[in-house]
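Biologist: I would like a close look at a single part of this model, followed by its surroundings. Please take the strands as the point of departure and treat them in one connected account.

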Amino acid sequence: MPVEFLGYAATNDGSETRPRSGPSFDPDYTVRLARAHEEWDWDRVLFAYGSGSPDPAPATAYVAAHTERLQLLLAHRPNVSYPTYAAKTFATLDRISDGRLCVHFITGGDDTEQAREGDFLSMAERYARTGEYIGIVKRAWTEREPFSHHGWYFDFDEFVSDVFPAGDRRPLVSVGGCVPEAYAVGAAEADVYCLWGEPLDRTAEQIEAVRAASAAAGRAVPPRIQVAFRPILGATEEQAWEKAHGILAAIKTNRRLSVVPAQSTGTRRLIAIAGHSERFDRALWTPAALATKGADNSNALVGTPETVAQALLDYYDLGVEIFSARGYDLLEDAIEFGRHVIPIVREEAAKREAARAARRSSAGGGTGATPRGMAA
C-alpha cells in the first residue's frame, strides 16, 4: 500500500511555543511554507479551520496559484454554509488547482467552539448532519441534471451546478472522530479516516472499529487510515529529548493557549493516555497533551530521524497509509522532516510492499491490490 504525508498549511509562523511575528494571514509566509512542503516531497497540506481564523478557502486558492504539485486539503465545517454552496466552492477551487483539492469535513467536538458560529446541535446530531452534508456535496459534484433533496437537516428542490471538479474524478474526502457516530459517517462517506496519534494498541483498536463499520455499511474497501503526530527530531537521541523538554517548557509558558479543557472524545482520550504514562512504544511522548489540555494534535514522536521513521513504520504495519506531521517551528520542522524522515519511510514502506507482493506471487494469489488514490 502507498504511504503519504500531510503537512500543515499555516497562514502565519505562530505555534504553541511561539507568538506569531505578523498578522494572522501573512501571504509571504504562507507561500514559503507551502513551497517548502512541495520541495521536500510532502503529498499535501492541511488548511485548518477555526471560528476566528483566516478563511481557509481563499487561502487554499492563494497557495494553489503559487504551487504546482502539492495537494491541498481544505478543512470545512458543515455548519458554516449550505452544502450546495460548499460544493460549488470546492469544485471551483479544484478547477483553480487543476485537480489538487481534497476536503476534510469537520463535525466539531467542542460545543463552545461550534456555538461561536451559531451551531448548537448535539454531537450526535452534528455527525448525522455531516453524513447528510457530504452525500449532497458528492451529488452536486457528479450529477448533471437537477436533483432535489428532502432530508433531516437540508431541504431543497431542483439544484444543479454549473461547475464541476477537474477531470473525471471527485476530490478525496476525509473525516475523523473516535465515537461510533464518527465511524458510521466515515464508513459511509470517507475516502480517508483521520485519527490522532495514540499508542499502537489503541490505534489498532480504532482501525478495527473503522473497518468493522465499513463492513457493516457494505463497503468492499474501507477508508484509508491517517494518523497525526508532532515530530521532534534531533541529531542524537539525547538532543531530541532535550529539544522535547524545551518545547514542553515553552508550551507551559505560552499565555495565549486556552485554559479551558477541550470537550471532544478525542482530546479526552489524549489526556487520559498522557495521565497513564509519558512514553509509549518506540517514541510516542504525551506530556504536550496535558500541557495543552488535549488541544488538537498534541502527541509527539521524539528521536533521531531514524527512530521517528521506524516509529511511523510501526503504524504503517498496522495499516496506516497517511501520516500527518506538524512541528513547532513550522517551516524549519517541515524542511527537516521532509529531508530526513520522509525518504526513510518511503523507502522502507516500498520494501515492505515489494516483499508482500513477492509472497503473494509465490503463493499464486496475484497482487490482490485495488488501485488507491483519488476516488472516482
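How many bridges join strand β5 to strand β6, and do the two run parallel or antiparallel?

Modeller: The model is a predicted one. Strand β5, residues 147–150, and strand β6, residues 155–159, run antiparallel and are joined by three bridges. One of the pairs is formed by His150 and its bridge partner in β6, Asp155. The connection from β5 to β6 is a hairpin of four residues.

Parallel pairing is found around strand β4. Strand β3, which spans residues 71–76, pairs with β4 in the parallel sense, and five bridges link the two. Leu72 has Leu101 of β4 as its bridge partner. The path between these strands involves a helix: β3, helix α3 (residues 83–96) and β4 together form a β-α-β unit, and its hand is right. β4 also pairs with strand β7, residues 172–176, again in the parallel sense, here over three bridges. In that pairing, Cys102 has Leu172 of β7 as its bridge partner. Thus β4 has parallel pairings with β3 and with β7.

The burial of β4 can be described residue by residue. In a regular strand, side chains alternate between the two faces of the sheet. In β4, Leu101, Val103 and Phe105 point one way, whereas Cys102 and His104 point the other way. Residues of both sets are buried. Because five of the five residues in β4 (residues 101–105) are buried, the strand is largely enclosed by the rest of the structure.

The loop that leads from α3 to β4 contains Asp98. Its relative accessibility is 66%, so Asp98 counts as exposed, the cut-off for that class being over 50%. The backbone of Asp98 has a phi near 60°, which is a positive value in a residue other than glycine. A second aspartate can be described in like terms: Asp281 has a phi near 55°, also positive and also in a residue other than glycine. Asp281 is placed in the loop between β10 (279–280) and β11 (284–285). With 47% relative accessibility, Asp281 counts as partly exposed.

Next come two helices. A pair of packed helices is described by the angle between their axes and by the distance between those axes. For helix α5 (residues 123–142) and helix α6 (residues 180–189), the axes come within 9 Å and the crossing angle is roughly 10°. Angles under 35 degrees count as roughly parallel, and α5 and α6 are therefore roughly parallel to each other. On the α5 side, the contact is made by Ala124, Tyr127, Thr130, Gly131, Ile134, Gly135 and Lys138. These meet Glu181, Ala182, Val185 and Glu189 of α6. By class, the contact holds five nonpolar, three polar and three charged residues.

Finally, Thr307 belongs to helix α11, residues 305–318. At 18% relative accessibility, Thr307 counts as buried, since the limit for burial is under 20%. Leaving aside residues up to four places away in sequence, Thr307 touches Glu237, Arg282, Ala283 and Val302. With Ala283, the separation is 24 residues in sequence and 7.2 Å in space, C-alpha to C-alpha.

Notes
Residues are numbered from 1 along each chain as its sequence is written. This is a predicted model: local features need pLDDT of at least 70, side-chain atom pairs count only at pLDDT 80 or more; totals for chains, interfaces and linings use all residues. Side-chain values use heavy atoms; hydrogens and water are left out. Axes are lines fitted to C-alpha atoms, for helices over the stretch in contact, and angles run from 0 to 180 degrees between N-to-C directions. Angles under 35 degrees count as roughly parallel, over 145 as roughly antiparallel, 65 to 115 as roughly perpendicular and the rest as oblique. Contact means heavy atoms within 4.5 Å. Ala, Val, Leu, Ile, Met, Phe, Trp, Tyr, Cys and Pro count as nonpolar, Asp, Glu, Lys and Arg as charged, and the others, Gly among them, as polar. Buried means under 20% relative accessible area, exposed over 50%, partly exposed in between (1.4 Å probe, protein chains only). Two strands pair if DSSP finds at least two bridges between them. A crossover is right-handed if, with the strands pointing away from the viewer, the path from the first strand over the helix to the second runs clockwise.
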